[in-house]
Amino acid sequence: MNLFVRANRQSPLLLAVVSVLLGMLVGAVLMVLAGYDPVRAYSALFRTPFTQSFDIGETIRTISPLIMTGLAVAIAFRTGLFNIGAEGQYIIGQLVAIIVALKLPLPPVLHALVAMILGGLAGALWAFLPGLLKATRGVHEVISTIMMNFLAFYLSNFLVRSWLSSGADSTPMIPESASIRWDVLTGVFANSRIHLGIFIALLLALFMHWMLWRTTVGFEFRAVGLNPHASQYAGMSVRRSIILSMMISGSFAGLAGATEMLGTDEYLTILTFFNGLGFDGIAVALLGGNTPLGVILAAVLFGILTYGGGTMQFEANVPFEVIRVVFAAIILFVAANVTGWIVERFRRERRVKADA
Amino acid sequence: GSGQQEQGGQQGADQEAFSAGMVTDTGGVNDESFNQTAWEGMKRLQKELGVNVKYLESKRDADYVPNLSHFAREGRDIIWGIGFKFENVIPQVAKQFGDAKFGIVDSNLGGNIPPNVVAVTFKEHEGSFLMGVIAGLMTKTDKVGFIGGISSPLIKKFEVGFRAGVQAANPDAEVKVAYAESFDDVAKGRSLAQNMYNSGVDVIYHAAGGVGKGLFNEVKTREKGKYWAIGVDMDQSSLAPDHTLSSMIKRVDVAVFEVTKQAKENQFPGGKEVELGLKDNGVGIAETTSKHVPEDVLKKVEEFKQKIIKGEIKVPSTEEELKSFK
Amino acid sequence: MPDLTALIHSAVLYSTPLILAAIGGLYSERSGVVNIALEGLMIIGAFTAAVITLLTGSPWIGLAAAMVAGVLMAVPHAVASITFKADQVVSGVAINFLALGLSVYLVKYMYDGAGKTPTVPELFHQVPVPLLSDIPVIGPALFNQFPTTYLAFLVVIATYVVLYHTPFGMRLRSVGEHPSAAETAGINVIRMRYIAVMISGALAAAGGAGLSIAIGSEFGQTTVSGQGFISLAALIFGKWHPLGVLGAAIFFGFSVSLALIGQIYGWTQVVPSEVLSMLPYVLTLLALAGFVGRSEAPAAVGKPYEKGGR
Amino acid sequence: MFVVEMEGITKRFGAFVANDGIDLRVKRGEIHALLGENGAGKSTLMNILFGLYQPDEGSIKINGKPVTISDPNEAVRLGIGMVHQHFMLVEPFTVTENIILGKEPRRLGFLDLKRAEEEVRRLSEQYGLQVDPRAKIRDISVGMQQRVEILKTLYRGADILILDEPTAVLTPQEIDELIEIMKRLVREGKTIIFITHKLKEIMRACDTVTVIRRGKMIDSLPVSETDESRLAALMVGRDVSFTVEKAPSQAEKAVLEVEGLVVKDNRGLDAVRGLDLEVRAGEIVGIAGVDGNGQSELLEAITGLRRVEAGVVRLNGKDVTNRKTRDILRRGVGHIPEDRQKRGLVLDFSVGENMALITYDQSPFARGIRLRYPEIFAHARRLIEQFDVRTPDERTAARALSGGNQQKVVIAREVDRDPDLLIAAQPTRGLDVGAIEFIHRRLIEQRDKGKAVLLISLDLDEIMKLSDRIAIICEGKIVGWVDPETVTEEELGLMMAGGKGEGAKS
Ligand SMILES: Nc1ncnc2c1ncn2[C@@H]1O[C@H](COP(=O)(O)OP(=O)(O)OP(=O)(O)O)[C@@H](O)[C@H]1O
Ligand SMILES: Nc1ncnc2c1ncn2[C@@H]1O[C@H](COP(=O)(O)OP(=O)(O)OP(=O)(O)O)[C@@H](O)[C@H]1O
Ligand SMILES: [Mg+2]
Ligand SMILES: [Mg+2]
């Protein structure tokens, strides 16, 4: 883990820019080989998310849950935990949000707020068990969170079918009172489904920054993540940190699910498979070097690629999947620290020599 | 080259030709199921009526709205959302783009259909009933099976109709029902099929998307003339030509074709639910059925079909209705 | 009650791809390289097997090609995480993206925009092993299976032998436990890790091939759908030991089968099928919490090796 | 005549010159000592000889022939074997497996473990090493592990053996045995390069000594022509005092009382078996013992890091058995853990953060849950000054500091909390003379302030120099108390070994 923290520390901007360019080059080569026109493809890709206010709105909407799941994964990483379970926590977040929205009549604003908070708490709860198992039984969080993903999936389908839907394959729409769309925003962005989730995502990023670097809890998380032995010797409770960090991570993913439910989808269907936001969150977190700002930037990049990729497919006939290849290549280039060897040369000259 | 190049008309086609757009659900256009069938209908529109057609695939559920909006802003005359998953987004988008016409397949929007939307549904239970009749009459062991994908009210319609058909044709036969809780996991489909056959079942009907592939892969390896599969949505006999009794066909292509044609002729049935059953040729039996199903059985099936069309038999579509059936 | 032969048969059928992929992961992780990329390697295997079988009409060629493709797909993971010392988790996640993107991209390119390949007509079939398949109960369960299943059994046995009874295996383990010790004993740590990661590519891809040309008959973006992650879980559950991994994968396959087959015997009258489907995951969690507990990873796993590092 | 000739060897790490034009000549059949302070460049030089590093300048001749040693394989081919300072043993492997690794006997392509075991047994007998070929490394003592390392080189047919600080972890008896083994090896025609900074051992065992200071070769001379104080002066570059001055202890009331303590180790076996111990205010109690006799478990039990199965731990009269670590530390226990990099520091944290690693959530470093970095760094600046920590600033990562300065960070943190009981485990392991003197002075200072100090060290010199009383630990019990003024190293060693010969232990 230290490695990419370190990798991102040394000249992160240069590395990011070079990696993005190289990644796009890989994509272009792939397109040329298959006989597509990369110039047209990329211009479609990068033009759409920015030109029309509707598309800007939708791009932002695409970005906001990515920020949240990205932060979720990042915060766990900081404590040395690999939360593959953001996917399941996301599902539980949206499930509980819709339950509150449909089954708990509350006045506007309060309704949305309660649905969101309970969705976040549900995500935290879903992450609590893997945290507890890790802390008390040493069960590897990778296995337990994978299992929890599937449990969330089936639970959601069961409840939608048996309790939340009215004979159809999806729940009714949530009432207006639980929606987190905001007329002003919707208006500005030409009826796109942009919603307050983006602000929540940014708030969470701020919160994460504050918590990690400005509070004693964050101090513990980071210490435990970097060296659990020393943390224990210093009297910190490694178990508590593991459980707490998993729960905060889960609550972020749960909030992602809740805000998507209350803002974007506004209803829940029977799931046919994972929608992948949790897994995408892993990539976003890693590309963002597990820092809040890095996660935001990575989510923006990923969101633009994802949303613009749709138009690219439409206008240049290039299969959308090339976007995944581009993104994978970017991650690989960043992880392998392509610019590192240049930087390394300069660094060697400046190596700290304290004594002497 | 990709599928889209042939359709010409790269840019928005609001001028001369009548234009139609189709948004797939996450299954994609070549799902060997309703998206693909719908696209067949679109292609026929292009060929026979010169309609400018185009499709957009959705990567995840959140893509439906942007994809539909995309076509609407392009000024396409009618825009289809294929699959029940569109049931909540179609009304939203339809409201936003009041001038465009929309169609949705597989959902009646809970009865609240906006004036610029047509909702097409199918009486899958009716088609499944006939599959049940075939299965009930063809089984030698008096045991038949049903494999469902993810439990949902829609898939339940298939199951219930099938069970009713079996019951009507062969009251002694037992129906074993299992759900894979997946539409993708072939291994589960294969396990289920294997175990059903091993437990004495000799005919299995599925409504399980990709999981159904497991059924065909399994039946193919078994003794010919003894073990049978029944396909769904489109004629699936090519998957196991010697082992497929029949397929319950959902004529999404017919629906898309007919409704679009109506729209072109300014007879768009906006605000209405178009429910297509046996009577409307919206669901039916695959033509290849005669290959393995003997004449007398086919005659029986035809009899039931006529009774359903005439309304003499009302095929149940839920567990409750099944209880009171006959 | 479902009969035991059927249950075991189905469990083995279901777990075959998991076994192959997890054993693949075992090679990589025993050498000290984390392999989150199993999912992607399975995807590339499933893809290549389907396409090549469609082209050549031979599932054997399809399987071989899949394994070659798996090796090739593992190379970027090896280069990034071994040579460039990238974080192994990051690199693995990237491979998963790469494999899914590349394979579906190619499918769409090759098959006219289709999201999946056409149905493969020439599949592997279940073939009984003479004599062995006549053993009561377990004979038909274990020895009337796909060639990929026999491959999986062989791979488990071979891996056990290789790991504990050959110089190569001992070196591999030493590299994952204490790379500097291995280096001073004259073992080329970097090369061992490359080899191990490439073996893991071949085996995981073979597992993926099982999904597209044995059990299933096509490749689409949902063909693998998470089985690589389950394999990873089986690897950890099985404590990085070939027999443990075999047990873990079969345990998982067994509980999946129980949940499926139970339905045929009317269990859904009592339990909704979604809840029944939770069984394998709940059982795994219980097993981990109850009996298995802490698993000790190879000591050097996840750490990039620096020659002469301190 | 010379088996090894290294000439003008220079090795740089970045801008840092670890070896600066070093010459080394080793005669056949001698035991050649390589002497130098920590970080002088001894290991680096030997790693070059063993092919792990390539020199930036200089040349090597083996048996008079110029060679290029590109990797350890090449070194082995030239008959060079190395026992590393940090053992290169694979813990879950058996003795045999470790020895044959990389050069395995085969039958039909498979490992021939039977033949390997026989070979190991034969070699072991030939050189009187007495190891059990089937034991797992993690189950045998450090001394035994070292013999495995030696066997590894012999198995590969080494004629030139490099032993890098082999005695640092051994009891006096084990050291004697090792020296015996070395002499036997030389008799059998081997040549040995022996790295150490223990002058006594050089005087006892070696024929020639080469002294290295700060990467440069200072001198090379026959042992018979020198003495300990001259060597010390050569090594450090100034005269060194060998004694620590301290006033007699003014021990008062008991600060730490341990009664009937039983603790299990990681494998669930009893590591501490009914141990009694008392440390009083104003004294330093040293615990002497062979590594792995329950020392670590004892400390962990006292500090709440490991469950106490039976018995009591009292601090200032209050029962703290099985309390949380934090609680115990807050009640006035300071702990300098034995492995600073693993247990004492978060290497990627800044020096400042490390200095607040225990007190970060207390005033003035935190208000509520809010951290106050300015206070943390101000505090760190004060300690850096006070403890003479050589670091660019308080924001530098602890990782970038030298070992000695890393240890100073830990000590500053613990001493600054002014604990009633200060536990120091291996406080000077791997440090150079200057740093050692500094740390010793600090420990005595604490004692003189009326604090209790519990010292655990494998370095008997250190124990004897600092302690007011010495407790000997063996197999999880205190088997005796001795007075450092009167006891001899030999007596101590015997008690540490529990009367049993080392060979019997496995
Ligand atoms: N791989 C490396 N990278 C950077 N610096 C190194 C490396 N290896 C050694 N050094 C530095 O070179 C110097 C010499 O180290 P070396 O290990 O040779 O010392 P030594 O004489 O063996 O000391 P000790 O008695 O502690 O073993 C030290 O200052 C050390 O920090
Ligand atoms: N990873 C590193 N990054 C930067 N500098 C390093 C690193 N490792 C060692 N150094 C530098 O190399 C020098 C030698 O380190 P080393 O730990 O070997 O010191 P030393 O000579 O043994 O001193 P001490 O007696 O204090 O242990 C130090 O000045 C240290 O700052
Ligand atoms: Mg050294
Ligand atoms: Mg040092």
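**Ligand 1 and the domains of chain D**

Reader: What makes D:Glu165 a polar contact of ligand 1?

Author: This is a predicted model. In it, a polar side-chain atom of D:Glu165 lies 2.9 Å from an oxygen atom of ligand 1. The cut-off for a pair of N or O atoms is 3.5 Å, so the pair counts as a polar contact.

Reader: How much of ligand 1 does the protein bury?

Author: The protein buries 78%. The reference is the 630 Å² that ligand 1 exposes when taken alone.

Reader: What distances make D:Gly41 and D:Lys42 polar contacts of ligand 1?

Author: For D:Gly41, a polar backbone atom is 2.8 Å from an oxygen atom of ligand 1. For D:Lys42, a backbone N or O atom lies 2.7 Å from a ligand 1 oxygen. The limit is 3.5 Å, so both pairs qualify.

Reader: Where does ligand 1 lie, and which residues come nearest?

Author: Ligand 1 lies between chains C and D. There are 16 residues around ligand 1. The nearest are D:Asn38, D:Gly39, D:Lys42, D:Ser43 and D:Thr44.

Reader: Which element gives the largest share of the shell around ligand 1?

Author: Helix 1 of chain D, with three residues. Helix 1 spans 42–49. Strand 2 (16–27) of chain D also supplies at least two residues of the shell.

Reader: How many residues of each class are in that shell around ligand 1?

Author: Seven are polar, five nonpolar and four charged. Gly counts as polar in this scheme, so D:Gly39 falls in the polar class.

Reader: How do you know which domain of chain D a residue belongs to?

Author: From the assigned bounds. Domain 1 covers 2–236. Domain 2 has two segments, 241–332 and 419–506. Domain 3 takes 338–418.

Reader: What shows that domain 1 and domain 2 of chain D are in contact?

Author: Residues on both sides do it: 21 in domain 1 are in contact with 21 in domain 2. Contact requires heavy atoms within 4.5 Å. The 32 Å between the two domains is a distance between C-alpha centres. About 1,700 Å² is buried between them, and carbon and sulfur atoms give 56% of that area. On the domain 1 side, D:Asn38, D:Pro172 and D:Gln173 lose the most area, together 26% of what that side buries.

Reader: Which chains touch, and which do not?

Author: Five pairs of chains touch, and chains A and C have the most contacts. No contact joins chains B and D. Their closest C-alpha atoms lie 37 Å apart.

Reader: Why is the bond between D:Ser363 and D:Pro364 called cis?

Author: Omega is about 0° for this cis peptide bond. D:Pro364 sits in the loop between helix 12 (351–355) and strand 19 (366–367) of chain D.

Reader: What makes B:Asp106 notable in its backbone?

Author: Phi is near 80°, a positive value in a residue other than glycine. B:Asp106 lies in the loop between strand 4 (101–105) and strand 5 (117–122) of chain B.

Technical notes:
Residues numbered from 1 in each chain as written. Chains lettered and ligands numbered in written order. Predicted model: local features only at pLDDT ≥ 70, side-chain atom pairs only at ≥ 80, totals over all residues. Heavy atoms only, no water. Near = heavy atom within 4 Å. Polar contact = N/O pair within 3.5 Å; in protein donor to acceptor, adjacent residues only side chain to side chain. Areas by Shrake-Rupley, 256 points an atom, 1.4 Å probe, with all protein chains shown as cover. Helix = DSSP H or I, 4+ residues; strand = E, 2+ residues; numbered from the N terminus. Buried area = accessible area lost by both parts, 1.4 Å probe.
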